Amino acid sequence: METFKLEVVTPTGIFYESDVNYIKFEAENGEMGVLPNHAPVLVAIKPCTLTIEKEKKQKYAFISEGFIEVTPEKVSIVVHLADWSTDINAEEAIKAKRIAEEKLESVSGDASRKTELKVSIERASARIKTSNLR
Amino acid sequence: MANTREIKGRIKGVEGTKKITKAMKLIAASKLKKAREMHEKTLPFFKHIREIMLDIMKCTPDMKLIYFDKREKKEHRRKGYLVISSDTGLNGGYNTNVIKEAVKVIDKENAVVFPIGNVIKNYMLKNGYNVDTNFINTRYTVTTIIAADIAKYMLKSFKEGTIDELYIVYTEMESVMHLVPNTIKLLPLDNKDFKIKESGMREVLDFEPSAEVVFERLTNQYLQGVLYGGMVESFVSEHFARMNAMDSATTNAEKLSKKLTLDYNRARQQAITNEISEIIGGAMNLK
């Protein structure tokens, strides 16, 4: 099966680096998948579940907002946070989501703070979703 | 010559100080190691961000974005300066050098100073600079989250026009023995920094949702990267300076302690000699 080079980079180091068959994630306008020989593209992504398929096995990871750059040589995912589905503490994520939601209700007016909290909620939701996938 | 008890007290004091400076040196060394490791881990991320920005510039060189706006015609331009120092002293010339550099580059009249670190904050406040103390407490731990906060705040100020230019004054570690304070311009972005290499032309990229949106977001991350780099470099320099200062302090303490021990022995010897001669003198008198 044909493969392409994938790397996932975060500020705390290189999270994942390998030859894979297929990846799937969520772009701003909806779900998107990349197969080998994809046309070069630069995509802004939302916090979501990243599905990596390698040798017919699927792996799931949570990734926060960031970018995916597809070039002929490789696919780079540049995000702030990344966690394997098996490493996620679902309870904590649920708690974080609840706290963020409560805060969002009490905030009024401050638009940038609101967006911030919305992103936190999105992150937590994506975390919870990812943690259920094994 | 001082009496023996006095010298003994001083030796004790010097030994105590030596222990402290030695411990501080070790602490600085371990912090230095940690900061360096952290920096190395972060490098690939920001390298990628920069590469992606370069790619965008290659594909859409005529993009008009607020971050490239030099605002040359505007009167009363306000310049923002992020100045990084340490929170505490005892690190040789580190803070003095930063202050010297800051005083050299900052024009008091139309500048806002964003001090990071207590030493520079106190200096700036005392000397009548226009100070924004939003980030003073960010010095204890350097993380990308803090850098992100600062980047966000700065971009907002830039967009709103409260600052028209942004500089960062930090300490660069040129080589192991050479720490140099340095000033670099962060905003507005300069096309020259993203110069397109003719040879490296790549086929056209598509953007999702659009080049502008992607670039705008990247700018934030890029600024964050540069800020973080500057902060970590300053942090590493600080600990390096402290390590060196404490090392020489320890050496000096050793020297002093040696000299004092010698003095002590001499004084003791003299006291004994005095006593003996007194006894002998007394014995002679009895004869």
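**Figure 1. Strands β3(A) and β4(A) pair in the antiparallel sense in this predicted model, with 5 bridges between them.** Strand β3 of chain A covers residues 22-27, and its partner in this view, strand β4 of chain A, covers residues 30-34. A hairpin of 2 residues leads from β3(A) to β4(A), and one of the bridges is that of Ala27(A), whose partner in β4(A) is Gly30(A). Strand β3(A) also pairs with β6(A), again in the antiparallel sense, and 3 bridges are found between these two strands. Here Lys24(A) of β3(A) has Thr51(A) of β6(A) as its bridge partner.

**Figure 2. Strands β6(A) and β7(A) form an antiparallel pair with 7 bridges.** Strand β6 of chain A spans residues 48-54 and strand β7 of chain A spans residues 57-63. The bridge partner of Thr51(A) in β7(A) is Tyr60(A), while in β6(A) Thr51(A) is itself the bridge partner of Lys24(A). The two strands form a hairpin with 2 residues between them, and in this hairpin Glu55(A) adopts a positive phi near 50 degrees. Strand β7(A) is further joined by 3 bridges to strand β10 of chain A (residues 82-84), and these two strands run antiparallel. Within that pairing, Ala61(A) is bridged to Trp84(A) of β10(A).

**Figure 3. Lys5(A) and its surroundings in strand β1 of chain A.** The strand that holds Lys5(A) comprises residues 4-10. Lys5(A) counts as partly exposed because its C-beta neighbours inside 10 Å number 14, and the partly exposed class lies between the limit of 12 or fewer for exposed residues and that of 20 or more for buried ones. Leaving aside residues up to four places away in sequence, Lys5(A) touches Asp19(A), Glu73(A), Lys74(A) and Val75(A). A further lysine, Lys54(A), is 49 residues from Lys5(A) along the chain, and the C-alpha atoms of the two residues are separated by 11 Å.

**Figure 4. The contact between domain 1 and domain 2 of chain A.** According to the domain assignment, domain 1 of chain A consists of residues 4-85 and domain 2 of residues 89-131. The C-alpha centres of the two domains lie 23 Å apart, and the contact between them involves 10 residues of domain 1 and 8 residues of domain 2. On the side of domain 1 that touches domain 2, β6(A) and β7(A) each supply at least two residues, and the largest share, 3 residues, comes from β7(A). By class, this side of domain 1 is made up of 5 nonpolar, 3 polar and 2 charged residues.

**Figure 5. The interface between chain B and chain A.** In this view, 17 residues of chain B are in contact with 19 residues of chain A. Three elements of chain B, namely α1, β5 (206-208) and α5 (211-286), each provide at least two residues of the side that touches chain A, and α1(B) gives the largest share of that side, with 7 residues. The side of chain B that touches chain A has 9 nonpolar residues, together with 3 polar and 5 charged ones. Strand pairing also crosses between the chains, with strand β5 of chain A (residues 41-45) running parallel to β5(B) and joined to that strand by 3 bridges. One of the bridge pairs consists of Val41(A) and, in β5(B), Asp206(B).

**Figure 6. Helix α1 of chain B and the kink at Leu43(B).** Helix α1(B) runs over residues 4-59, 56 residues in number, and reaches 81 Å from its first C-alpha to its last, which is close to the 82 Å expected at 1.5 Å a residue. The kink at Leu43(B), of about 35 degrees, is placed shortly before the proline Pro44(B). Chain B as a whole has 5 helices and 5 strands, and these follow one another along the sequence in the pattern α-β-α-β-α-α-β-β-β-α. Of its 287 residues, 33% count as buried. Among the contacts in chain B between residues at least 6 apart in sequence, 77% link residues that are at least 24 apart.

Key:
Residues are numbered from 1 along each chain as its sequence is written. Chains are lettered from A and ligands numbered from 1 in the order in which they are written. This is a predicted model: local features need pLDDT of at least 70, side-chain atom pairs count only at pLDDT 80 or more; totals for chains, interfaces and linings use all residues. Helices (H or I, at least four residues) and strands (E, at least two) are DSSP runs, numbered from the N terminus. The expected span of a helix is 1.5 Å times one less than its number of residues. The bend at a residue is the angle between axes fitted to the seven residues ending there and the seven starting there. Two residues are in contact if their C-beta atoms, placed from the backbone, lie within 7 Å. Ala, Val, Leu, Ile, Met, Phe, Trp, Tyr, Cys and Pro count as nonpolar, Asp, Glu, Lys and Arg as charged, and the others, Gly among them, as polar. Two strands pair if DSSP finds at least two bridges between them. Domain bounds come from an automatic or database domain assignment.
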